[in-house]
Amino acid sequence: MSAIVAVCRGDEGPGDIALVDAILGRMAHRAPDGRSSWTERSISLGHGLFATTPEDVATEQPLQSPVSTARIVADARLDNRDALIDELGLARAQGARWCDAELIVRAWDRWGDACPAHLLGDFAFAIWDPRHRRLFCARDPFGVRSFFYVSDAHGFRGASEMSALFADQRLREAPNLSAMATFLSEDYLERDETLYAGVRALPPGHGLVTRGREVHLAPFWRPDPWRRVRHANDEDYAANFSYVFEEAVRCRMRSQLPLAAQVSGGFDSSSVVGQLEALRRQGTGPRAPATLMHSGFPGLECDEGEFSRAVAGHWGLTVTTLLPSADPAVTRPHPSNVARDVYYHPLASLWDQQFELARARGLRVTLTGMGSDQVMRRYGQECADAIVSGSLGDAARSVGLHQRPLARASWRRVLREGIHPLLTPSMQRAVRRLRGRRSSVPRWLAPATAGIVGERRWQDSLRRRAISAPGPATRELCDALTHGYEIVFALACLASQSARNGIELRHPFYDLRLVELLLAFPHEQRCGYEEGKPVLKRAMAASLPALVRNRRRRTEFSSFVHRVLIETHGREIRALFADSRLESAAVVDGTEVRNLLKEAERDWSLLRQVANLTALELWLRQMNG
């Protein structure tokens with residue numbers, strides 16, 4: 001989570017080192033270990049160092065390749081350093097001393113714009129090609145590292161954070177109506193467009209080429225829905241998963257300081273903690289045990305304290321439980337309480353507490369269990385995949401028909417999860433109309449923004465339908481990996497929040513090798529038909545205490561969100577929407593929003609809508625001042 005800046009003019013005029021330094025200045029929280037910049041005619045690069053690996057301080061950036069004289073700035077952590085060194089034909093002893101940026105620019109020397117396909121890890125970088133006077137940028141497949149840019153008559157400006165680009169006084173902060181509409185309907189990804197008009201995000205898994213004005217994008221990674229990995233039995237699947245998962249965690253232990261790890265007590269974070277501690281005892285990574293952190297909710301349904309304590313006790317460790325602050329100012333929905341590029345959410349303060357604890361102990365890296373739910377979830381269309389493949393036995397098992405062959409509910413699931421997904425989008429629309437289903441577009445959107453959302457969803461359905469895949473469930477998973485709200489947007493939000501707090505998040509379940517393996521596994525192994533995440537549970541059984549192994553209930557945080565949004569700050573949120581900027585901008589219907597706030601007091605299923613409205617209202621007020 002270092003800071004990178006690239007400014008490329010559209011002509012051969014002088015570079016703008018002052019602008020680079022100004023943009024870097026707005027990202028000082030990403031540069032505790034120093035800032036540096038470089039310029040020559042038409043190009044300027046800047047770097048702010050946040051050192052987390054032993055090699056980060058090896059070479060100052062922007063650095064120059066001794067082979068091509070190309071210049072690079074990178075915010076990167078590579079997970080295939082040894083393999084890359086071998087591919088490049090370098091001596092291990094020599095390459096081991098290089099920082100990741102130097103390995104990346106050597107990969108670019110070798111493979112040119114195709115180099116990102118040879119990299120594993122989390123990265124965003126910009127390389128200036130002096131021979132062709134062009135800039136090449138790339139971002140990792142899941143967007144763990146960020147890169148935003150503006151391209152106009154003044155040239156190209158790119159940086160790790162979008163608001164930092166407004167250090168350029170020629171840019172005007174203006175809202176993007178289309179993005180605001182999709183933000184409120186949870187169709188916003190921050191994958192390519194942003195809430196700021198004119199500011200773009202480099203999409204995950206893409207490379208970008210510019211000579212200062214025109215921008216050309218090209219993907220270097222897409223999920224392969226046709227790859228298959230098949231084993232003879234459950235044990236072999238678990239062994240394969242264990243091997244790759246161990247490597248995913250091992251790579252993320254490369255740190256010059258001890259680590260922190262979140263442990264909720266669920267399967268995902270508990271598996272990460274178990275693998276982390278097992279590897280540490282074998283001599284991998286920092287010698288000191290990880291600092292285990294847990295957010296507790298005493299008295300609420302979402303409290304998982306007994307599970308997190310069981311995980312820590314299983315390994316002879318302790319866990320620090322952080323309780324929600326009793327001070328209502330901490331969660332107060334006010335623009336001054338939200339950092340730039342970080343969106344308000346009731347749970348955000350709990351992440352902040354964990355970041356503060358890690359920072360207070362001198363730590364910079366936290367491992368999470370994020371990604372497992374998204375990659376190993378059921379998409380409700382697994383029955384359709386089985387029908388397409390001709391496996392009627394799997395189709396029956398996926399909906400429980402083999403256990404209840406005469407049950408009406410089982411046959412309804414066949415129609416819903418097996419037949420309906422195979423219909424064309426037009427036929428699915430017709431079925432919804434016949435059943436009297438209301439539009440899923442929120443009724444409190446203003447007509448113009450509701451139209452934007454409806455059109456976006458229709459275009460998204462056509463885009464998904466165009467994905468070549470063995471069946472609807474596989475298609476949905478592939479789409480989620482590149483366009484999923486809970487993957488792309490969640491990672492973007494947490495990247496901004498953790499960077500503002502001086503913490504680098506690492507997510508083993510978003511290791512590309514692990515994701516591709518799970519995508520190639522059968523659904524019955526990846527997400528299961530009767531029990532969720534079966535391959536994970538088999539692989540990690542010995543690492544989990546019995547209390548966690550036998551868990552059946554997933555944690556749901558509505559009780560805490562209700563406490564914050566309705567009980568503690570309900571009056572303030574109602575005051576926000578009594579004089580709403582969103583209503584003034586014709587984004588929402590103010591009367592309907594105020595009705596929603598009343599309904600949400602009783603109907604907890606509406607709390608996500610209230611949270612999204614509050615977040616965007618605060619963002620708009622913050623931008624307008």
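Which residues do ring pairs link into a cluster? In this predicted model, the cluster is made up of Phe183, Tyr188, Tyr343, Tyr485 and Phe489. It belongs to a wider set, as the structure holds 20 aromatic pairs. One of them joins tyrosine 485 and phenylalanine 489, whose ring centres sit 5.2 Å apart with the planes at 40°, so this pair counts as tilted. These two residues are 4 residues apart in helix H17, which means about one helical turn separates them. Are tyrosine 485 and phenylalanine 489 buried or exposed? Both are buried.

Tyr485 also has a part in how H17 meets the helix before it in the numbering, H16. Helix H16 covers residues 472-483 and helix H17 covers residues 485-500. Their axes are 6 Å apart, and the two pack at an angle of about 15°. Angles under 35 degrees count as roughly parallel, and H16 and H17 are therefore roughly parallel to each other. The crossing of H16 past H17 is right-handed. On the H16 side, the meeting residues are Ala480, Leu481, Thr482 and His483, while H17 brings in Tyr485, Ile487 and Val488. Sorted by class, the residues of this contact come out as 5 nonpolar and 2 polar, with no charged ones.

Another member of the ring cluster, Phe183, leads over to helix H5, where Phe183 meets H26 along with Met180 and Leu184. H5 takes in residues 177-184, and helix H26 takes in residues 607-624. How do the axes of H5 and H26 cross? They come within 9 Å of each other and cross at roughly 150°. Since angles over 145 degrees count as roughly antiparallel, H5 and H26 are therefore roughly antiparallel to each other. From H26, the residues met are Asn612, Leu613, Ala615, Leu616, Trp619 and Leu620. This contact of H5 with H26 divides into 8 nonpolar residues, 1 polar and no charged.

H26 has a further partner in helix H22, residues 558-568. Here the axes come within 10 Å and cross at roughly 45°, which makes H22 oblique to H26. H22 passes H26 in a left-handed crossing. Ser558, Val561, His562, Leu565 and Ile566 of H22 make the contact with Leu607, Val610 and Ala611 of H26. By class, that gives 6 nonpolar and 2 polar residues, and again no charged ones.

Now for the loops and their backbone. Just past the end of H5, the loop between helix H5 and strand E10 (200-201) holds glutamate 186. Glutamate 186 is not a glycine, yet its phi is positive, at about 60°. With a relative accessible area of 23%, glutamate 186 is partly exposed. A positive phi also turns up at arginine 133, about 50° this time, and arginine 133 is not a glycine either. Where does arginine 133 lie? Its place is the loop between strand E6 (121-129) and strand E7 (134-139). Arginine 133 is buried, as its relative accessible area is 17%, and the cut-off for buried is under 20%.

A last backbone feature involves a proline. The peptide bond running from glutamine 61 to proline 62 is cis, with omega near 0°. Proline 62 is found in the loop between strand E3 (43-48) and strand E4 (63-64).

Methods:
Residues are numbered from 1 along each chain as its sequence is written. This is a predicted model: local features need pLDDT of at least 70, side-chain atom pairs count only at pLDDT 80 or more; totals for chains, interfaces and linings use all residues. Side-chain values use heavy atoms; hydrogens and water are left out. Axes are lines fitted to C-alpha atoms, for helices over the stretch in contact, and angles run from 0 to 180 degrees between N-to-C directions. Angles under 35 degrees count as roughly parallel, over 145 as roughly antiparallel, 65 to 115 as roughly perpendicular and the rest as oblique. A crossing is left-handed if the near helix is turned anticlockwise from the far one by less than a right angle, and right-handed if clockwise. Contact means heavy atoms within 4.5 Å. Ala, Val, Leu, Ile, Met, Phe, Trp, Tyr, Cys and Pro count as nonpolar, Asp, Glu, Lys and Arg as charged, and the others, Gly among them, as polar. Rings of Phe, Tyr and Trp (its six-membered ring) pair if their centres lie within 6.5 Å; planes under 30 degrees apart count as stacked, over 60 as edge-to-face and the rest as tilted. Buried means under 20% relative accessible area, exposed over 50%, partly exposed in between (1.4 Å probe, protein chains only).
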